[in-house]
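Student: Before we begin, could you show me the sequence and the structure, and then help me see how the terms used for it are justified?

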Amino acid sequence: PVERYINGDYRGSYNFTEKVGFAGNSIDLDDETDAVLIELDSYYDETYKFHSNPYHLPVNIKEPDFSEGKTQLTLDDIKGDFNRVMQVLKDGGEIAELVDLDYLARFLLVNELIENYELMHPKSTYLYKERVKGGSKYIFGPVWDFDWAYGYELNRKYCVGEEQADYYTRVNMESNAFMHDLRYVSPQLDRTYYKVWTRFMRQGIDELTDFCNDYYVYARPSLEHNKQKWSDNTNYANSALNAASWLRKRAEYVYSHLTPYELTDEEINGETGIAAI
């Protein structure tokens, strides 16, 4: 949270966040000349863009900016490469050689946990590839834009109800088929997804729910200043408690409906902490 002033006039408490892009504090790459950052977003408002074949996804090219002359790629290079992945997915093929399944599992975990239905439009769905011509894999992320999540999409309230909603069937939007295939076509992803969820339930859920109160304590002075400015009557202490309870119930519901696999201790323990998710 930041305290915002305009010409010395206090204007309230705002959230300050990073911008998604090729940069040291976002997507940090050694070489960007063969790299692409894509946003699937129905606003379809970037200079360089196309609709995928199949799925007809609105593909916005965030990086590179072809006008800067710093890339070896063309729009056709990116379009052809992305459509190849979409065709394999549509045909029911294994995407493990084209998409990093561990990153995809973590990406899906975050969005399914908080019921971020913007992916179903799609909106604010980022993925990137470090070497388009060099044969690296697509990485889904960074995660972004959660204002219509935590149950808000369906009841206009945060962390109230919808804890037991099935993420892939609860809403009917333009990209449901794509998201369903992305989640369920790959048997390898299904196992990876269970592994990542198991690790999260054993090592991350407590850390996450504790963070709800920790963040409230940290942000409380800013929230109180904002309340004085704008007569905000929200009880943020209760909001923190509700969020922690909602997240735990939601996590338990999702995990209980996954296909279980026998996992080794090494698979489960792997990287530790919520930062690994």
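Tutor: This is a predicted model, and we can start with one pair of residues in it, for Leu40 stands opposite Val59 in β5. On strand β6, the residue opposite Leu40 is Thr125.

Student: What makes β3 and β5 a pair of strands?

Tutor: Two strands pair if there are at least two bridges between them. Strand β3 and strand β5 (residues 58–63) have four bridges, in the antiparallel sense, and β3 is also joined to strand β6 (residues 125–129) by five bridges, again antiparallel. Both therefore meet the requirement of at least two bridges.

Student: Why is strand β3 called largely enclosed by the rest of the structure?

Tutor: A residue is buried when its relative accessible area is under 20%. In strand β3 (residues 36–40), five of the five residues are buried, so the strand is largely enclosed by the rest of the structure. Both faces are covered, with Val36, Ile38 and Leu40 buried on one side and Leu37 and Glu39 buried on the other.

Student: How do you know that Phe82 is in contact with residues of β3, and which others does Phe82 touch?

Tutor: Contact requires heavy atoms within 4.5 Å. Leaving aside neighbours within four places in sequence, the residues in contact with Phe82 include Ile38 and Leu40, as well as Phe50, Val59, Leu127 and Tyr138.

Student: Where does Phe82 stand in the largest nonpolar core?

Tutor: That core has 64 residues, and Phe82 and Trp197 have the most contacts inside it. Among the elements giving it two or more residues are β3, β5 and α1 (75–90), while α2 gives the most, with eight residues.

Key. Residues are numbered from 1 along each chain as its sequence is written. This is a predicted model: local features need pLDDT of at least 70, side-chain atom pairs count only at pLDDT 80 or more; totals for chains, interfaces and linings use all residues. Side-chain values use heavy atoms; hydrogens and water are left out. Buried means under 20% relative accessible area, exposed over 50%, partly exposed in between (1.4 Å probe, protein chains only). A nonpolar core is a set of buried Ala, Val, Leu, Ile, Met, Phe, Trp, Tyr and Cys residues joined through side-chain atoms within 4.5 Å.
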